[in-house]
Amino acid sequence: MKNENHKKGNSRHAPTQVRAVFARGIRGSDPILHDGKPQVAFVGRSNVGKSSTINALLGAGLARTSATPGKTQEINFFEVAGKGYFVDLPGYGYAKMPEKEKEKIRKHILWYLAGGEARPKVLVLILDVRVGVTDHDRDLVRIARDEKHPVLLLANKADKLTKNERGTALACIADEFPEIECIPFSATKKENVGLVRSRLFQLLGI
Ligand SMILES: Nc1nc2c(ncn2[C@@H]2O[C@H](COP(=O)(O)OP(=O)(O)OP(=O)(O)O)[C@@H](O)[C@H]2O)c(=O)[nH]1
Ligand SMILES: [Mg+2]
């Protein structure tokens, strides 16, 4: 997902109101992975705003969000317009989580991304724009490349930075991953929500 100028806004009109329902939380192999419907997966460090992003895009309080990191432990499937799924993966890298729990989550994410059962149309890697790219994110991009999953970066919590700070932060991310498109985003202030929704809905055939 590269070379599309997000500053120009939406090139097509995705519906803003679609029916979205929680389908299932899975911890391993499940028929939902093989039902033929496309998936868009959301990954990122714990607390970066994966669930908030899904809620902003689907316009409903579907995904559980929390001020306490590590809340999303299962792989949660949300069915969108009956056409495909938004997949909320557990957050990684929460420092205070016990080692055993961290390892479990790491394996769980790896299973989804590299286990050969799921083929997401795109992996939406969410960063906290104030923190930038971490080693966990680098690992994830490496896995995505190996598995040939397309990646889209969302620099979330952009509302927390001034224009100057934001420019610097986005330049750092672009330096690190020049081949991956990065969109500044705010789940809470709804910045670029319409643009991202339109892009992702298109991938689900909506
Ligand atoms: N200022 C600001 N806060 C945000 C934004 N997105 C999420 N948050 C806040 O960040 C916290 C974590 O959000 P979640 O959506 O639960 O994060 P998550 O990545 O799903 O977390 P885990 O499931 O624990 O991995 C909550 O307090 C949100 O309100 C944003 O765009 N701007
Ligand atoms: Mg979550």
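This is a chat about the fold, surface and cores of a predicted protein model.

Reader: Anything I should know before looking?

Author: The model is predicted, so local features need pLDDT of at least 70, side-chain atom pairs count only at pLDDT 80 or more, and totals for chains, interfaces and linings use all residues. Residues are numbered from 1 along each chain as its sequence is written, chains are lettered from A and ligands numbered from 1 in the order in which they are written, and side-chain values use heavy atoms, with hydrogens and water left out.

Reader: Ok, how many helices and strands does the protein have?

Author: There are 5 helices and 7 strands. Both are DSSP runs numbered from the N terminus: helices are H or I with at least four residues, strands are E with at least two. Starting at the N terminus, the order is β-β-α-β-β-α-β-α-β-α-β-α.

Reader: What's the radius of gyration, and what would a compact globule have?

Author: The protein has 16 Å, which agrees with the value near 17 Å for a compact globule of 206 residues. That radius is taken over C-alpha atoms, and the globule rule is 2.2 Å times the number of residues to the power 0.38.

Reader: And how much of the protein is buried?

Author: 49% of the 206 residues. Buried means under 20% relative accessible area, exposed over 50%, and partly exposed in between, with a 1.4 Å probe and protein chains only.

Reader: Is helix α1 mostly covered or mostly open?

Author: Mostly covered: 8 of the 9 residues in α1 (residues 50-58) are buried. Among them are Lys50, Ile54 and Leu58. Right after α1 comes Gly59, with a positive phi near 65°.

Reader: New topic. Which residues have the most contacts inside the largest nonpolar core?

Author: Phe77, Tyr112, Leu123, Leu125, Leu140 and Leu153, in a core of 34 residues. A nonpolar core is a set of buried Ala, Val, Leu, Ile, Met, Phe, Trp, Tyr and Cys residues joined through side-chain atoms within 4.5 Å. Elements giving two or more residues to this core include β2 (39-44), β5 (122-128) and α3 (135-147). The largest share, 4 residues, comes from α2.

Reader: So what does Leu140 touch?

Author: Beyond its neighbours within four places in sequence, Leu140 contacts Val43, Tyr92, Ile109, Leu113, Leu123 and Leu125. Contact means heavy atoms within 4.5 Å.

Reader: What's in the second core?

Author: That separate core has 28 residues, including Phe42, Val48, Phe201 and Ile206.
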